[in-house]
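Trainee: I have a new structure to read. Can you walk me through its features, one at a time?
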Amino acid sequence: MVTNATSASVCPPPMKPTSNGVFQGDNPLDFALPMAILQICLVFVVTRGLAYIIRPLRQPRVIAEIVGGILLGPSALGRNKSYLNAVFPSKSLTVLDTLANIGLLFFLFLAGLELDPRSLRQTGKQTLAIAIAGISVPFALGIGSSFVLKETIAKGINGTAFLVFMGVALSITAFPVLARILAELKLLTTNVGRMAMSAAAVNDIAAWILLALAVALSGNSESPLVSLWVFLCGCGFVLCSIIIVPPIFKRITQRCNEGEPVDEIYICATLVVVLAGGFVTDAIGIHAMFGAFVVGVLIPKDGPFTRALVEKVEDLVSGIFLPLYFVSSGLKTNIFAIHGLQSWGILALVIFTACFGKIVGTVVVSLFCKVPLKEALALGFLMNSKGLVELIVLNIGKDRKVLNDQTFAIMVLMAVFTTFITTPLVMAVYKPARRAKIDDYKYKTIARKNTNSQLRILCCFHNARNIPSMINLIEASRGIQKSGGICVYTMHLREFSERSSTILMVHKARKNGLPFWNKDRPSDADHLIVAFEAYHQLSQVSVKPMTEISSMADMHVDICATAGGKKAAVIILPFHKHQRLDGSLETTRTDFKYVNRRVLENAPCSVGILVDRGLGGTSHISASNVSYSITVLFFGGSDDREALAYGARMAEHPGIRLVVLRFVVEPSTTGDIVRVDVGESSSSSKLVSEDEEFLNEFKAKVANDDSVTYEEKAVKDAAGTVAVICEFTHCNLVLVGRSPQGEVAYALKRNEYPELGPIGSLLVSQDCPTIASVLVMQQYQHQ
């Protein structure tokens, strides 16, 4: 017994890095590298699995990561000592904690990159008051609750440091988590979103300053002068960084040109500077993460350098190393340390104090600033979100013996609870305007009685590949003879994720799609948006670029809401496939197929899907050089009438020749085309009369126009129809309806792509080889 007790008290020997393999008798789990690999893989599987499970609840991924860390620790799986000693033995924790802190270091560098100091300087008095209330009230209540904890479950600890730690822990708003919640709920461009982001940024900076003070006070030295020196040296580090870091990185940013790869030496030098900043702050006596965060905040946010830096670092850090920090925290969290009625009562008190201080403090000051009640409540709930920053504070407190096991577990549960309730509470009290019912408006189709009225188009694009054809399509749609002209809204569709690069992109996107800090300097804006701005300057066509950042599941909602809000008559969407060099079509991304289908189902106006085969080439063609041949395939029905109306508008351009090809059934046919019952006779005759009336108006209008050719082709079977279609598609653009009507259309029984309809599906298949781009139209039908 004595021998066992003695051996138990001796530190385990350090682990060797690699093994010789199982065939030479080594157990890989006794060596540092195989053990670290196993831990990383296990953490990844557990945290990502939980993130997938809670995704329908619209919770940020940090919730899954915190809960995953707790499950892997002594609160759940770790209660099995065999598992704990095999997967997370005490001798492996030094390596695990080192890797976790490296991940934390670089993640906080990324978090610093998400904060723009210039936006803090632009914070209004109203937002500043809300931020101060959101810090001071919970900080005071945190200090008050710390006295209760000291008398019950936290006896005999460093009193001053404990007071400050509790105040900071309750007053923090996790800026990275809040940004992701706002983006998920589509609130970033609302008044609530802007105020919450600004207030959270102020809160975040204040919390780091208070945390630095708490860390300085939590040292082992009994002399107060040591804490003072630590704090003053920390302030000196910040001042020196403000003087040195921005000028250096400004020069680096200026040397990085848009569209060119960033030099590797700049990326590596930046990462070394981050590590050096961490080393200095750790040597001072403040955690190494402070240095990394300060460097991130001070790096200029303009230009391609920051984007390239984030994209190269974020996946490895956020996906692999950072989750280790949550496990490291989870291994210190033992929920079973909370035992007895008193401890659970303290947990309820801490949760109530945290929520009451944040929510009530924010709501009261918001109402005093004349913010509407629902928006004030939403602000209060949003500011109450915690997350990784909270966990960092608690872990520092735990490592410095300021928080014991029971207090630490209580505070972790409080952080999880307050963050978890944020999303459902905000959704319950605040409905953003974009989800409100779209006001009705007059022109929802291209076909209209007053053809001289302004045509409003919403053009969506995925990437730079779509832009030349979209601009050339806009040029063709100008309607030279129209007094009302054309107004085009272009929307860059970007998928939202929890990556830092997405959050940086979100910050830059204002309502009109331009980066808010480049409002007066559009030349520095996104190069995709600049292309449309250049076209606007050259053609005098009103083009208003936007950036839409949404999850794939919600992207159609934003497209439809924007179309309704801008009173668009037609939405133009790119097909989910693009042309390869050999002429075949390759899938860009399958998710866009379902986005297109959902837009077709829910659009408040007409919709066109563009199958791009290089309309006009790979560059914008000026108005004087436009020379297109456009074919409209007309079978009948509202969608075909919409396609013809669009073609008629394009035909007004002096550089465009239009061929309208109407398909009719050969009178004495015995082939595949037979008379079919398309509904009641009254509705069938009404359809025919509408088509005839529309065609008669069109023919009368273009009777004296030599650039328009109208032909009727009689066909007797599906093969003949396909042959005629292939004969007339040697042009630049083919316009067809998505749901053509009539006997000829019904004979073409193909629907490989439901969003394109039978004719569109034929034109993108191998059965009808063509180099023409295809625009498939669906006319809006009032329901």
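Trainee: Let's take salt bridges. How many salt bridges does a search of the whole structure find?
Mentor: Keep in mind that this model is predicted. The search counts a salt bridge when a side-chain nitrogen of Lys or Arg is within 4 Å of a carboxyl oxygen of Asp or Glu. Here it finds 11 salt bridges. One pair to look at is aspartate 30 with lysine 91. Their side chains meet at 3.7 Å, N to O.

Trainee: Why does that pair tie together parts that are apart in sequence?
Mentor: Aspartate 30 sits in the loop between α1 (2-9) and α2 (32-54), and lysine 91 in the loop between α4 (81-87) and α5 (93-114), so the bridge links parts 61 residues apart in sequence.

Trainee: Next, the sheet. How do I read strand pairing?
Mentor: Strands of a sheet pair through backbone hydrogen bonds, and they run either parallel or antiparallel. In this structure, 10 strands form an open sheet with mixed pairing. Follow the order β3-β2-β1-β4-β7-β12-β11-β8-β9-β10.

Trainee: Which are the edge strands?
Mentor: β3 (542-550) and β10 (708-715). Each pairs on one side only. From one strand to the next, the twist averages 20 degrees.

Trainee: How many bridges join β1 to β2?
Mentor: There are 7, between β1 (residues 455-461) and β2 (residues 486-495). These two strands run parallel. Find cysteine 460: methionine 491 in β2 stands opposite.

Trainee: What does helix α25 touch?
Mentor: Helix α25 (residues 638-650) packs on the sheet. Its contacts include β1, β2, β4 (570-574) and β7 (606-611). The direction of α25 makes about 150 degrees with that of β11 (733-737), another strand it touches.

Trainee: Last, cavities. How is empty space found?
Mentor: Rolling a probe the size of a water molecule over the atoms shows where space is left empty. This structure holds 2 cavities of 30 Å³ or more. The second largest has about 30 Å³ of space.

Trainee: Which residues line the second largest cavity?
Mentor: Asn466, Ser469, Met470, Pro574, Leu610 and Asp612. That lining divides into 3 nonpolar, 2 polar and 1 charged.

How values were computed
Residues numbered from 1 in each chain as written. Predicted model: local features only at pLDDT ≥ 70, side-chain atom pairs only at ≥ 80, totals over all residues. Heavy atoms only, no water. 1 Å grid on protein atoms, 1.4 Å probe; cavity = no way out; pocket = protein on both sides within 12 Å on 5 of 7 lines; lining within 4 Å. Points joined across faces, edges and corners; volume = space filled by probe spheres on them. Nonpolar A, V, L, I, M, F, W, Y, C, P; charged D, E, K, R; others polar. Pairing = 2+ DSSP bridges. Helix = DSSP H or I, 4+ residues; strand = E, 2+ residues; numbered from the N terminus. Axes fitted to C-alpha atoms, helices over the stretch in contact; angles between N-to-C directions. Contact = heavy atoms within 4.5 Å.
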